[in-house]
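Here are some notes for a colleague who is opening this entry for the first time. Please keep the sequence and the 3D view at hand while reading them.

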Amino acid sequence: MTRLRRRLRAVLLALPLLGAAPHSGHDDASPAVQAMQDDDAENPGLLWVQQGAALWDQGCASCHGAPGSMRGVSARHPQFDPALGRPITLAGRVNQCRARTGEAAWTPDSEEMLSVTALVGRQSRGLPVAIDGSGAAQAALEQGRALFTERQGQLNLSCAQCHDDLAGQRLGGARIPQGQPNGYPLYRLEWQGLGSLDRRLRNCLTGVRAEPLPPGSPEMAALQFYLGWRSNGLRVETPAVRP
Ligand code: HEC
Ligand code: HEC
């Protein structure tokens, strides 16, 4: 890992300070991966959307009608919930509904949660992310921003060092993306399956040898809230495809 650290330091020192506009990970992927995402017949994520539709009919349609009623919902999540006094993710909303009917929560990476959030996210495909970080939401946003910029792990690196300062640079074979959350849940070739933003963040945290954030923790919600707000204006791509 010291090689990685040396390489990172070399790239960091060579960089001017740039304030980049939001830019999707889709655009950093290879043309083959982009084509896979863009063609519904090729996008493996659509399988989960179909499974989600079956679950929807069984457990959601009675209250919500057709899945199309969810258009726009994922574009404004995570959302600051004044009643809870903290941001809530789309998966958190789904579990609120599970609780309404006395059903057990789904974990973020269960097939059920991935399928249903893929279906709900899909309804917002192409809409601009529009997360409201104003008013009472500001403290949570600042908490998320602090988590994003603080150095952590044995490599002593912050999210921002890679995803703000080094975005667009090459690290090994891959281009470092801005770390935008607008395609989740998404199909990752390395996972050979659909995965949540929680899982992606665990990958980045273990990459710098840091402790993963507990699923469902206030820190995880704040970090995802900040990431969402930071991606405002990008189009929802769910289910996206990444290497
Ligand atoms: C017993 C009725 C009921 C069931 C069943 C139910 N929901 Fe809900 N759901 C609600 C109510 C009530 C709200 C809050 C109403 C609102 O805010 O518009 C809500 C809100 C939501 C929201 C947030 C909407 C927004 O505009 O922010 C999502 C997402 C959601 N439900 C998804 C689901 C999914 C997925 C299922 C099935 C797994 C489901 N719900 C099952 C009643 C239900
Ligand atoms: C050492 C550099 C590095 C650090 C530090 C890092 N990441 Fe990443 N991150 C990457 C790379 C490289 C990828 C691209 C994925 C790949 O191909 O492995 C990535 C991918 C991502 C993605 C997925 C973007 C997409 O298009 O789907 C998100 C979101 C993300 N990172 C967020 C974070 C957050 C939040 C932190 C801090 C907790 C963090 N990263 C820390 C290097 C880093």
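The points below take up the two ligand sites and then one loop residue.

1. It should be said at the outset that this is a predicted model, and the values in the following points are to be read with that in mind.

2. At ligand 1, the protein donors of the iron atom are the NE2 atom of H64 and the SG atom of C97, which lie 2.0 to 2.1 Å from the metal. These two residues link distant parts of the chain, since H64 belongs to helix α4 (residues 61-64) and C97 to helix α5 (residues 90-100), with their positions 33 residues apart in the numbering. The arrangement around this iron atom is octahedral, because its 6 donor atoms subtend angles of 88 to 178°.

3. As for the accessibility of this first pair, H64 is partly exposed at a relative accessible area of 33%, and C97 also counts as partly exposed, with a value of 28%.

4. At ligand 2, the iron atom is coordinated by NE2 of H163 and SG of C204, at 1.9 to 2.2 Å. H163 lies in helix α8 and C204 in helix α9, so the pair ties together parts that are 41 residues apart in sequence. Here, too, 6 donor atoms surround the iron, and their angles of 86 to 177° make the arrangement octahedral.

5. Are the two residues that coordinate this second iron buried or partly exposed? H163 is buried, because its relative accessible area of 14% falls under the 20% cut-off, whereas C204 counts as partly exposed at 31%.

6. The space that ligand 2 takes up is the largest pocket. There are 22 residues around this ligand, of which C159, C162, H163, Y184 and C204 come nearest. At least two residues of the shell are supplied by each of α8 (159-165), β5 (186-188), α9 (197-207) and α10 (218-230), and the largest share, 5 residues, comes from α9.

7. Several polar side chains approach ligand 2. A polar side-chain atom of H163 lies 2.7 Å from a nitrogen atom of the ligand, while an N or O atom in the side chain of Y184 is 2.7 Å from one of the ligand's oxygen atoms. In the case of R242, a polar side-chain atom lies 2.8 Å from an oxygen atom of ligand 2.

8. A last point concerns S124, which is found in the loop between α6 (111-122) and α7 (138-149). This residue is buried, with a relative accessible area of 0%, and its side chain reaches the backbone nitrogen of G72 at 2.9 Å.

Definitions and conventions:
Residues numbered from 1 in each chain as written. Chains lettered and ligands numbered in written order. Predicted model: local features only at pLDDT ≥ 70, side-chain atom pairs only at ≥ 80, totals over all residues. Heavy atoms only, no water. Donors = N, O, S within 2.8 Å, 3.2 Å for Na, K, Ca; no water. Tetrahedral: all angles 85-135°; square planar, octahedral: opposite > 155°, others 65-115°. Helix = DSSP H or I, 4+ residues; strand = E, 2+ residues; numbered from the N terminus. Buried < 20%, exposed > 50% of the residue type's maximum accessible area, 1.4 Å probe, protein only. Near = heavy atom within 4 Å. Polar contact = N/O pair within 3.5 Å; in protein donor to acceptor, adjacent residues only side chain to side chain. 1 Å grid on protein atoms, 1.4 Å probe; cavity = no way out; pocket = protein on both sides within 12 Å on 5 of 7 lines; lining within 4 Å. Sits in = over half its atoms within 2 Å of the grid points.
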